[in-house]
Amino acid sequence: MDIGAIWDLIILSPMINGMVWLSHNLWGSFGLTVIVLTVVIRLALWPLNRKQLTATKKMQEITVHMDALKKKHGNDRQKLAEEQMKLYKESGVSTTGCLVPMLIQFPIWIALYQAIVRVLAVTPEDFMNLSNHLYSWPVVYETLPLSNNFLWMDLSRSDFVLALLVGLGMFVQQKMSTPKAINQQQAAQSQMLSFMMPFMFFFFSLSFPSGLAFYWFVSAVVGIIMQYFITGWGQLEPIAEKVISYFRGGRQVRSGSIYKTEKKAATPAGQLSDSSTKGKQMEGSIDEKGRDERQDSGGSYKTGSKSTKRKPKRS
Amino acid sequence: MFKTNRISKKLILLLSLIGVLAVLSGCMGTGQKPLGWSGVVVSDNDAIFGSMTGKLIALNKDASTPRYQVPLETTTSGGGCAGAVTTVGIYGTPVISDGVIYISTYGGKIYAYNQDQGDLKWVYPVTDALPAIVSGIAPNGDKIFFADTNGVVYALSKADGQKVWEYPTGAKIWASPVVSGDLVIVPGFDKKVYALDINTGNPVWTFEAKSPFASAPVVDNGTVYVGCFDRNMYALDLTDGSQKWVFASPNWFWASPVIADGKVFAPNLDGNTYILDALTGTQLKVINMTDGVASSPALLGDNVIVATKTGKIFSINIYSLEMKAVTDLALKVIAPVTVSGEVVYIHTQEKETVYAINPESRTIIWTFVVS
């Protein structure tokens, strides 16, 4: 049996028949099928995802120590690497832990793509190939082909609005999971990464049927929720707090500093003290100079360092 | 102020980028390319077919030399791709009537070409395009009939391509219509077979099954034979659409059957050809073809010529029901088999080639490779 036949037997055929069966039981809606399928896949990958999220959280927590190590062994690269590995080990952080859930999802994406183009009869050729994968369940033959329409989308074609939502979802998830940068170079790298992934998926979403993009979107939303409960808002903390304070009455205070906004908004209501604390905890990786500058420039390391650069220009 | 400017710049940059991507996305499509599986039509000295490269090609039927090749192009509209010209897939076999070739395209156009020189007579619609067309064309009298993937059945005037009537059904249609008497029979993805009045397009009867229909029906002796995605072959009364019999199989009847000598020769994607009694649907014989059959067979004298998806060509005698192997092309075949005189024409979908084969002598007369 060749690898293609094994792939069909173990992954593709069960996925196709499962999707058709699900769709039959979800009022024939392929969109709802994708949502349920995503949740099922996410639950199945939960042990791995939890590991990944915990690793991310730990990574965020040890950034202070990493910064200290860098200052201490900055000139001795080998010693620095050794100490970093030691720190990783002691903290229980796996540098490859984040990759495994991603790698496991690749076959799922490929199978989902193949299943979508077949069950939605994207082209006649695709639909004809479907017959090789169907189980002899009457329900499967009665349900095919599935309806392409869900909300405003034709799930067999790409959709620009959905592609934007995928990009946005990925961006939020990326921002939440990226550890705080310990220097300017790393800040630039993480900023580039946080834009690159969403743009990549935005492009993919424009190139594939939106059924697959819809899976990415739902998957990102589920991922954001899971991430929030384990690591909090991560690098989105300042934005999240801004939004929260805006909705709680902070909008009348537009000082430019999240801390000023929080204090003024939180004091009367007394509700934001917890989030303020979280925000302050994140300051750990910033040196005193950066901290001082951040007081009037937005509340993150990234913004603080940019202010430092631009200060001479302003004066 | 400084911060606001910076945010505005970022916002403008982001919006510009999104704009550029939106324009680019219009050019990218969804990644699937419909290639088509047009059969060959033979008339006078021409063997004519629609290629997977989107051309109408006329060959000299005796020597395989091309007389003309006409690219059937479509102009995509919108975004940054306005004015871009792309070739189109062709699924329906061209038909020839009164010296005019009629051909449908996945690009949503119907073309009429003069057979003699291959010059365009008319195109429908003149501007824009219909939704993709997988269905072939059925000519009858002064009209031609076809359907699009939005489920609309059309009747056009053969003379100038003007629309005579249209009838919307509930879902996409891939099957080619057939005309019998005053009825246009067309099955669709809404699980129904429609019989429409040839002059008005009004439905005369409908038949509903449990699954969609995609293969073209065959009408013989007052009965409509049509395969369905529920894996059944249905025999319907032509006058009122009532079910005469149904035959259940393990897989889809994608190919249309051949009716000969009171028997139904129905190849199936499960790799068998089922031979049924045309009156009762009783199974007379099952012949194992080793591979599934998607290509509609054709009758040549006393033999039904069947091509499997893997390119094995067989002939089945309609009296003895014995099968003989003709040749093995070892290439993918989905396009319907065409016969003319003593010759069988096969258009392969892999290494796109047209074969002219003599089944009696089991020899390949000529081949034409589409470049």
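This is a short tour of a helix pair in chain A and a strand sheet in chain B. Keep in mind as you click around that the model is predicted.

**Stop 1: two helices in chain A**

Start by selecting residues 63-73 of chain A, which form helix H4, and residues 77-91 of chain A, which form helix H5. Draw the axes if your viewer can: H4(A) and H5(A) pack at an angle of about 160°, and their axes are 9 Å apart. Angles over 145 degrees count as roughly antiparallel, so that is the label for H4(A) and H5(A). As for handedness, the crossing of H4(A) and H5(A) is right-handed.

Now show side chains for the contact. From H4(A), pick His65(A), Met66(A), Leu69(A), Lys70(A) and His73(A). From H5(A), add Lys79(A), Leu80(A), Glu83(A), Gln84(A) and Leu87(A). Colour this contact of H4(A) with H5(A) by residue type and you get a mix: four nonpolar residues, three polar and three charged.

**Stop 2: a sheet in chain B**

Next, hop over to chain B and find the open sheet of four strands, ordered E19-E20-E21-E22 with antiparallel pairing. Which strands sit at the edges? Select 218-220 for E19 and 243-248 for E22 in chain B; each of these edge strands pairs on one side only. Look at the twist too: neighbouring strands of this sheet are turned by 20° against each other on average, ignoring direction.

**Stop 3: inside the sheet**

Zoom in on E20 (residues 223-227) and E21 (residues 232-237) of chain B, an antiparallel pair joined over five bridges. To finish, pick Tyr225(B) and look across to E21(B), where Ala235(B) stands opposite.

Terms used. Residues are numbered from 1 along each chain as its sequence is written. Chains are lettered from A and ligands numbered from 1 in the order in which they are written. This is a predicted model: local features need pLDDT of at least 70, side-chain atom pairs count only at pLDDT 80 or more; totals for chains, interfaces and linings use all residues. Axes are lines fitted to C-alpha atoms, for helices over the stretch in contact, and angles run from 0 to 180 degrees between N-to-C directions. Angles under 35 degrees count as roughly parallel, over 145 as roughly antiparallel, 65 to 115 as roughly perpendicular and the rest as oblique. A crossing is left-handed if the near helix is turned anticlockwise from the far one by less than a right angle, and right-handed if clockwise. Two residues are in contact if their C-beta atoms, placed from the backbone, lie within 7 Å. Ala, Val, Leu, Ile, Met, Phe, Trp, Tyr, Cys and Pro count as nonpolar, Asp, Glu, Lys and Arg as charged, and the others, Gly among them, as polar. Two strands pair if DSSP finds at least two bridges between them.
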